[in-house]
There are 2 protein chains.
Amino acid sequence: MQLNGTEVVMRGNANNEPWVKKPPLVSWVRASLSNSSKIRVRQLFEKVSSTFTYILWCPITMDAIIVDPVDCCVDRDIKLITELKLNVVYGVNTHAHADHITGTGILKSKISNMKSVISLASGAKADETVENFDQICFGNSYVTVVNTPGHTSGCVCLVSSDEAFVLSGDTLLIRGCGRTDFQEGSSAVLFDSVRNKLFCNLADDVVVYPAHNYGGHLCSTIAEEKEYNPRLGLGKTVEEFTAIMEGLNLSHPKMIDVAVPANLNCGFQDA
Amino acid sequence: MQLNGTEVVMRGNANNEPWVKKPPLVSWVRASLSNSSKIRVRQLFEKVSSTFTYILWCPITMDAIIVDPVDCCVDRDIKLITELKLNVVYGVNTHAHADHITGTGILKSKISNMKSVISLASGAKADETVENFDQICFGNSYVTVVNTPGHTSGCVCLVSSDEAFVLSGDTLLIRGCGRTDFQEGSSAVLFDSVRNKLFCNLADDVVVYPAHNYGGHLCSTIAEEKEYNPRLGLGKTVEEFTAIMEGLNLSHPKMIDVAVPANLNCGFQDA
């Protein structure tokens, strides 16, 4: 396969083949995949921390990735992965979470050949680290990594290869965003990530799948967040956003002292 | 528009136009809508009763319906409806719920011209009652009503006009089904509804959007439920299903004595 003159190796998990590709500026080209080869996504919910886990797969090869799994839901996730006959090649975290422990470590112990993935900027340990515009491949599908620091310095968003959706982590939530008052958080940096990376580069109809929602919303779109996000919508300035974030007075996350150390070692903790 | 020789009036809410159409056997014809006019769906979740509410709309006219709204989530739903600039013409209940109070009554008081809809077989009061194969229209889109008794005698499923998905109510849940031990429930009847109506008539890739899930699953497909539903999958007989349902020993629903009387009057209770 050729994209803009760069050869793209489509299988990410075979021996001696590069799993991360660094093509020049192809990341934002809208792919014209046929419907039958369209990337598949299944959203799952964990009630206690209100976390969404995503399983993405290529319907041709059934290779898959799981994004932001939660430790207490691993049995559920494994059951679904088995039923869907998926070959999960990567367990990816959008960042080192502070409110729950990732399921990546347990999943690795149960799925042979699955590797853990997190951003290099996170400073966390994993089998593979990714950088801006890297592509994480599974079968004929991939997600493009977009560095979106601000909630943490290592946060990324993952754009689907058909650009139908973005897994927005804690960077962009539905009518909200991740807090910026710990883990090297920065309101100015988060504002730049959302406004100048996501809003400027993704089409209005791109579906936003966040890492959390606390009010029963499951997805949104770029257009909705541009218009209605009360913190980061197009009407807001960086000064207004910073003032909003400083005024939140959030309590210390209950799980942070347990979760962050565990998640900084996300591929390797004991099951 | 002509479908199999039957004229279909596409707007359901205009004066003097029939909102329920009774075309001969067109209900199961797969529509060939272009992507831009594809029916839109937004799934929402209520944590206490683990209920899903669905907002469906036509992207051309922005006419919409809301299915299985919950009373405590009406403010959230109204906000989203307003933001999406939707004209909600019907509030539909898939049956008279026993575990929560419908939001239809409150929604009617806040959305002018919205009408409540429920099946004739439910015995509940509403502005409009629907029967098997009726089409509930909103703009250029519609859902087809399929009577699927068993959990209650008035249960229906709603098949989207592009047959991409079915709102399966409490008839077919993800790897489960609604209980059959009250509200005129019948295991034999539910078995017939799922196996001979849903599984026989819907394609394997049709997405199943249920009214509830308690384990963090949000959707499924007909293929998955045929293969993996532990009660109603293709490997099970009606005798096995009946024995499973009789062995559940479920407790009396906490809300039933409040919810059912209210929901039998779903379009008219005080806000």
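The paragraphs below walk through a predicted model, from a sheet in chain A to the contact between chains A and B and a helix pair in chain B.

A good place to start is the sheet of chain A. Here 6 strands form an open sheet in the order 4-5-6-7-8-9, and the pairing is mixed. Strand 4 and strand 9 (128-130) of chain A are the edge strands, each of which pairs on one side only. On average, neighbouring strands of this sheet are turned by 25° against each other, direction ignored. Within the sheet, strand 7 (residues 87-92) and strand 8 (residues 115-119) of chain A pair in the parallel sense over 3 bridges. Gly91(A) is found opposite Ser116(A), a residue of strand 8 of chain A. Helix 1 of chain A packs on the sheet, where it touches strand 4, strand 5 (51-57), strand 6 (63-67) and strand 7 of chain A. The direction of helix 1 makes about 20° with that of strand 5 of chain A.

Following chain A onward from strand 7 leads to Thr94(A), which sits in the loop between strand 7 and helix 2 (104-110) of chain A. With 28 other C-beta atoms within 10 Å, where 20 or more are required, Thr94(A) counts as buried. Apart from neighbours within four places in sequence, Thr94(A) is in contact with Val67(A), Asp68(A), Cys155(A), Val156(A), Leu158(A), Leu167(A), Gly169(A) and Ala211(A). Asn213(A) lies 119 residues from Thr94(A) along the chain, and the C-alpha atoms of the two are separated by 15 Å.

Attention can now turn to the partner chain. Between the two chains, 14 residues of chain A are in contact with 14 residues of chain B. On the chain A side, two or more residues each come from strand 4 (40-46), helix 1 (74-83) and helix 4 (222-228). Strand 4 of chain A gives the most, with 4 residues. By character, the residues on this side of chain A divide into 5 nonpolar, 4 polar and 5 charged.

Chain B offers a helix pair to look at. The axes of helix 3 (residues 187-201) and helix 5 (residues 238-246) of chain B come within 9 Å and cross at roughly 125°, so these two helices are oblique to each other. Their crossing is right-handed. Helix 3 of chain B contributes Ser187(B), Ala188(B) and Phe191(B) to the contact, while helix 5 of chain B contributes Val238(B), Phe241(B), Thr242(B) and Met245(B). The residues of this helix contact divide into 5 nonpolar, 2 polar and no charged.

Definitions and conventions
Residues are numbered from 1 along each chain as its sequence is written. Chains are lettered from A and ligands numbered from 1 in the order in which they are written. This is a predicted model: local features need pLDDT of at least 70, side-chain atom pairs count only at pLDDT 80 or more; totals for chains, interfaces and linings use all residues. Two residues are in contact if their C-beta atoms, placed from the backbone, lie within 7 Å. Ala, Val, Leu, Ile, Met, Phe, Trp, Tyr, Cys and Pro count as nonpolar, Asp, Glu, Lys and Arg as charged, and the others, Gly among them, as polar. Axes are lines fitted to C-alpha atoms, for helices over the stretch in contact, and angles run from 0 to 180 degrees between N-to-C directions. Angles under 35 degrees count as roughly parallel, over 145 as roughly antiparallel, 65 to 115 as roughly perpendicular and the rest as oblique. A crossing is left-handed if the near helix is turned anticlockwise from the far one by less than a right angle, and right-handed if clockwise. Two strands pair if DSSP finds at least two bridges between them. A residue is buried if 20 or more other C-beta atoms lie within 10 Å of its own, exposed if 12 or fewer, and partly exposed in between; C-beta atoms are placed from the backbone.
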